[in-house]
There are 2 protein chains.
Amino acid sequence: MFRLYKRSEVKNIVLTIMSQLMPKEVQISRIEFEGPEIAIYIRNPKILAEHPEIARDIAKKLKKRIVIRTDPAIRKSKKETEEIIKQLVPPEAGIKEIKFDEVLGEVIVKAHKVGLVYGKGRSIYNKILAETGWRLNVVRVPPVDPRDLDTLNKIIDYMLSQSSYRLSFLRSSGERIHRGVIFENRYVRITGLGGFMEVGRSAILVETGESRVLLDVGINPGGDGFSLYPRLDIEQLKPEELDAVIVTHAHLDHMGLVPYLFKYGYRGPVYVTKPTRDLMVLLQLDLLDIMQRGNQKPPYTQLEVKKMILHTIPLEYGEVTDIAPDIKLTFYNAGHILGSAMAHLHIGEGLHNIVYTGDFKFGRTRLLDKANTVFPRVETLIMESTYGDRDQPRRDVAELELISTISRTISRKGKILIPVMAVGRAQEILLVLVDALNRKLLPQETKVYIDGSIREVTAIHLTYPELLSTQVRSRILRDENPFDHENVIRVEGRQMREDIAKSDEPAVILATAGMLNGGPSVEYLRMLASDQRNTLVFVSYQARGTLGRRILDGEREITMVGEDGRLEVVKINMEVKSIDGFSGHSDRRQLLAFLANIKPKPKNIILNHGEPQAIYSLAETIRKKSKYLGLPDVRMYTPSILDSVHVAGYA
Amino acid sequence: MFRLYKRSEVKNIVLTIMSQLMPKEVQISRIEFEGPEIAIYIRNPKILAEHPEIARDIAKKLKKRIVIRTDPAIRKSKKETEEIIKQLVPPEAGIKEIKFDEVLGEVIVKAHKVGLVYGKGRSIYNKILAETGWRLNVVRVPPVDPRDLDTLNKIIDYMLSQSSYRLSFLRSSGERIHRGVIFENRYVRITGLGGFMEVGRSAILVETGESRVLLDVGINPGGDGFSLYPRLDIEQLKPEELDAVIVTHAHLDHMGLVPYLFKYGYRGPVYVTKPTRDLMVLLQLDLLDIMQRGNQKPPYTQLEVKKMILHTIPLEYGEVTDIAPDIKLTFYNAGHILGSAMAHLHIGEGLHNIVYTGDFKFGRTRLLDKANTVFPRVETLIMESTYGDRDQPRRDVAELELISTISRTISRKGKILIPVMAVGRAQEILLVLVDALNRKLLPQETKVYIDGSIREVTAIHLTYPELLSTQVRSRILRDENPFDHENVIRVEGRQMREDIAKSDEPAVILATAGMLNGGPSVEYLRMLASDQRNTLVFVSYQARGTLGRRILDGEREITMVGEDGRLEVVKINMEVKSIDGFSGHSDRRQLLAFLANIKPKPKNIILNHGEPQAIYSLAETIRKKSKYLGLPDVRMYTPSILDSVHVAGYA
């Protein structure tokens, strides 16, 4: 009822830049808001190429993100530009392809060695900018089967083909982000829409007097009908009025319904890390595929996935970004999967700071560094609690158990089925298995079959080595593929699956989906379940309502729809084993260690993403240990879905 | 995103009535939805007059409220009708005035003795309907100075003059109420907008998947700027989309902002008891007057008060009323002030039941019976907690203390200033003082001056004797005025105030506002404060931020704006005394006794309308005594403003 906008602020920013901050010689031709960035179009890029600190200084002074673009008129022809690039970049960089985004003035170079293309201290980047007027954007091409890069390439090509749409989207969302605040923030409210007192369909609405932001919008792997979706049906959520959608990582229970928002009118930005964007698209398309094969009606189509792609705005860890007139977003490493992030929201010029952990691992894994704990400020912490009531075994113990389970099964001529989510657990287990094969801890003839989207997902990991653990990163940069081994074999087609199931050779099968909720893992289960020599190994959390959970909870007779459409009762005679300790989630000890280490200390802790006993147990533990954790006066909240908590603003 | 309506239900109801329930001879000409009622227009009222049970039976069968109207064509002329009324009604009834509402087909008769006009078992009502086609509506005219009935008469006249508008409003809101539900109720949420963890600006939003209802919408007596208002500025509250506003009683902190909603587009019904309607209008106009005199900008004008009047729908206690497709409202006596009600919401055909106590007194007073405790069902109780941490002295002890304080002050030639809210405390104290004068407990020459809107408010009490305690009611029906005495004098004009303040006669002054937040009580304070012989007596709750509270908390130098507009420092030398025990609120013991007696037992208790220490203390006490109270598994909620609690529906 009180809302008004102050348009003048937008103009002020522009005028300030024009008149004060830029040397005249750069010849500014235009200034635009493009998404969260201020784009300065210039006619003389040479000076900036020689003094790249100018742009950095402006960004610092304005506390805004700046991008320098060149006036199209001064850009050299594509042919000339390609020539210059080939002259400047050493052949060891391994350039595979050069493409042009004429709308944004970017030249996209796909190459094996990203660093060599940019040059030391971005020297080649600056030279190319000065000489051609094109901004360099280098994409890493990892040394893998080109088919594994298929989706990634399609994403890039699609964005290139829709460059004009993307520019107009960036401009309109930029105007909205920088519209200016006229009223102080009279409230900051957090409403759980999904993933509260449960695991699955994560979605959190953050409302201020000025704006509305959605943190994650996932699908429920164990849900059906309405419980598949978070509660997007409430009055205060209108997709067309949302300011931003933030996705913390690329698991379906956190991003599976982003395209659904576009179906219902959302046209704003989706903030993600780059790998989250790529993985998200891959897994959503995979989900549609699985649902269509299973004769389920998907909640959206490829059309909405495409719309979403054009609306993603990738951010780096630590990059402070305006996403609404009163909200700045910064991502921090969450250690859960590649590209996973904690979201830090700075609201209303110092009024309030929220950290939403998303799923996080406060512990080292083979693949990733552990989660960040230091933030500029934090008053309210929204923390996942999946393992809030349990500790997990140490990683080396878990690895030993996995290897010995595999050996034992092989020695009785059985096969090992490991259902894995394509992202995260798959790569982690692959690293363990490849390592075991290299160290000859498994029989030499042991084949490791990977099925589902694991290969493509692994290729995306190889595209972003800078986000992986030191050890894995350094091997990738040495042009090794730490996920590969001659015994690791990609499964193609249904016939091959049957052959593997029937063969006498020892085999470990990594297949999606990780909770046996569809996908090839279920097909393998059907073929392997009756033979008691085989073993089913769970290495990750099994959400309520999924087939994985039901088997884990003791069900041994499963009714499945057979290939011919008829119902079929499958008896689970195979050994069923759950190996804890591989989880990408923090266990109880790690959750508490995170709280002991987080700086500064939050005033409010809201627990989500856990079943009730995990949440209540963790809340109780935190209360008991509050002094030891340095949180003597913390307020604990354990809301249910559709509860709202008013964390800041006027009373 | 999922909403849809089922129009067919509306038609079904109408058809059912037409074809099955009515005898053909009544000659139905039309059926309309008019607000919560189904209006059946007939051409032959004789049969219904002879068999009034027909209408009752239909209401029961349909579980809908029914009103029978006559076809305008068959109504007798006004002159003839007046003649017939005068023939049928005995002269002792004391008819004062007869008016006609041609749109609704009602004849409004103002008379001294309501019962005599209606006749035994409504026999005269039925005869008039049969013979003239007009429905009788009798308004009581109490034996008071006609000036005291001014506002009341204006309300009635205004509604008469806008009868066509009112009919069209009733029809459009009727269509909306009976629009039918297509989806099950996927949620019931309660959001505190004001009066949570505080006293003042009460407002509660109840949302279901289908509808949105506001329980009270008060102004903060101790607030200024934004804190004057409840939080109507949130996204999920759009005045034009609200289904209903329910007002539990006529204190400004519960209804002071109802007209404000009309300023911002609300055009739906305001459900109240009849006395709440009358008192509400009186006090809102009084508030506008005081604010204008104090050079404050009122949040609305008389225009919006008028709009509100036309949109009120008065309900009786115990009358079950559809207010939305999925919500039925029933009012129950709250014992707080005349017309005060607890609101019972029955949601979604058995899904959930909410009882909101509003302000309530679970204890007898001179004026009113104690609050109701038996409800058809209740899962969630929203309970006021003003005195959640305190017991109050017994009423007789308080009365003795008041009389002795007055005597003591008179004996030292001082005057007694008692700031009172015009509604409730004023009448209660008047009853005490009149009784003391009658029983000669006070010097015979003691004058009781009443200033502000108290006289008019008292006249409204005399209009509704059936809602007062047995004792007071029976005296009124014997044509006595229990609030009157020859020493009780109405103050008129500023000069008279000054004369009273300067005079040497013993005087008790009852003046509004009750928390010294404006009005004549403040003028008296200015004139009486410096003389230490005088006494300031508080007899009611003083909300945070009011002048009353500040003085009670020890402030003895008050800066006031003088008549000439200049600032003036007033020293409080007079005695300041707070006499507890007159409160219209339940004290701690009474709150607990209410919980021990309520039937059935709620599953959730939400505490509101109390300062934090009162709320926390009460919550703790209830937890400790939960077994004794018969509430062993109750869930306690102590939300703050803008917190939401999800009480029913899917998870």
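Biologist: How far does helix α13 (residues 395-411) of chain A reach from its first C-alpha to its last?
Modeller: The model is predicted. Helix α13(A) has 17 residues, and at 1.5 Å a residue the expected reach is 24 Å. The reach in the model is close to that expectation, at 24 Å.

Biologist: Which residues of α13(A) are buried, and within what arc do they fall?
Modeller: The buried residues are Glu399(A), Leu402(A), Ile406(A), Thr409(A) and Ile410(A). They line one face of the helix, because seen down its axis they fall within an arc of 105°. In general, an α-helix has 3.6 residues a turn, so residues three or four places apart point the same way. The arc asked for is 105°.

Biologist: What covers the buried residues of α13(A)?
Modeller: The buried residues in question include Leu402(A) and Ile406(A). Their cover in chain A includes β18 (416-419), α14 (425-438), β21 and β22 (535-538).

Biologist: Which residues are exposed on the other side of α13(A)?
Modeller: The buried side holds, among them, Glu399(A) and Thr409(A). On the other side the exposed residues are Asp396(A), Ser404(A) and Ser411(A).

Biologist: What phi does Lys413(A) take?
Modeller: Lys413(A) comes just after α13(A). Its phi is positive, at about 65°.

Biologist: How far apart are the end C-alpha atoms of helix α13 (residues 395-411) of chain B?
Modeller: This helix has 17 residues, which at 1.5 Å a residue should span 24 Å. The distance between the end C-alpha atoms agrees with that, at 24 Å.

Biologist: On which side of α13(B) do its buried residues lie, and which exposed residues are on the face turned away from them?
Modeller: The buried residues of α13(B) are Glu399(B), Leu402(B), Ile406(B), Thr409(B) and Ile410(B). They cover an arc of only 105° around the axis, so they are on the same side of α13(B). Within chain B they pack against β18 (416-419), α14 (425-438), β21 (507-511) and β22 (535-538). The face turned away carries the exposed residues Asp396(B), Ser404(B) and Ser411(B).

Biologist: Which residue with a positive phi follows α13(B)?
Modeller: Its phi is near 65°. The residue that follows α13(B) with this value is Lys413(B).

Biologist: Is Leu516(A) buried or exposed?
Modeller: Leu516(A) is found in the loop between β21 (507-511) and α18 (520-528) of chain A. Its phi is near 55°, a positive value in a residue other than glycine. Because it has 26 C-beta neighbours inside 10 Å, Leu516(A) counts as buried.

Biologist: How many C-beta neighbours does Leu642(B) have inside 10 Å?
Modeller: Leu642(B) is found in the loop between β27 (635-637) and β28 (644-649) of chain B. Although it is not a glycine, its phi is positive, about 75°. Leu642(B) counts as buried because its C-beta neighbours inside 10 Å number 27.

Biologist: Where is Pro600(A) found, and what is the omega of the peptide bond that joins it to Lys599(A)?
Modeller: Pro600(A) is found in the loop between α20 (588-597) and β26 (604-608) of chain A. The bond joining Lys599(A) and Pro600(A) is cis, with an omega of about -10°.

Biologist: What is the omega of the peptide bond from Lys599(B) to Pro600(B)?
Modeller: In chain B, Pro600(B) is found in the loop between α20 (588-597) and β26 (604-608). The bond is cis, with omega near -10°.

Biologist: How many charged residues are on the side of chain A that touches chain B?
Modeller: The contact takes 25 residues from chain A and 26 residues from chain B. On the side of chain A, the elements that give two or more residues are β7 (187-194) and β28 (644-649). The residues of that side divide into 12 nonpolar and six polar, while the charged ones number seven.

Biologist: Over residues 426-551 of chain A, how far apart are the end C-alpha atoms?
Modeller: The unreviewed UniProt entry annotates residues 426-551 of chain A as "domain: Beta-Casp". Over these residues the chain is 43% helix and 13% strand. The end C-alpha atoms are apart by 20 Å.

Biologist: What average pLDDT does chain A have?
Modeller: Over residues 1-5 of chain A, pLDDT stays under 50. In chain A, 97% of the residues score at least 70. The average for the chain is 92.

Methods. Residues are numbered from 1 along each chain as its sequence is written. Chains are lettered from A and ligands numbered from 1 in the order in which they are written. This is a predicted model: local features need pLDDT of at least 70, side-chain atom pairs count only at pLDDT 80 or more; totals for chains, interfaces and linings use all residues. Helices (H or I, at least four residues) and strands (E, at least two) are DSSP runs, numbered from the N terminus. The expected span of a helix is 1.5 Å times one less than its number of residues. A residue is buried if 20 or more other C-beta atoms lie within 10 Å of its own, exposed if 12 or fewer, and partly exposed in between; C-beta atoms are placed from the backbone. The arc is that of the directions from the helix axis to the C-beta atoms. Two residues are in contact if their C-beta atoms, placed from the backbone, lie within 7 Å. pLDDT is the predictor's confidence in each residue, from 0 to 100. Ala, Val, Leu, Ile, Met, Phe, Trp, Tyr, Cys and Pro count as nonpolar, Asp, Glu, Lys and Arg as charged, and the others, Gly among them, as polar. UniProt positions are given in the numbering used here, feature names are shortened, and annotations may be inferred rather than shown by experiment.
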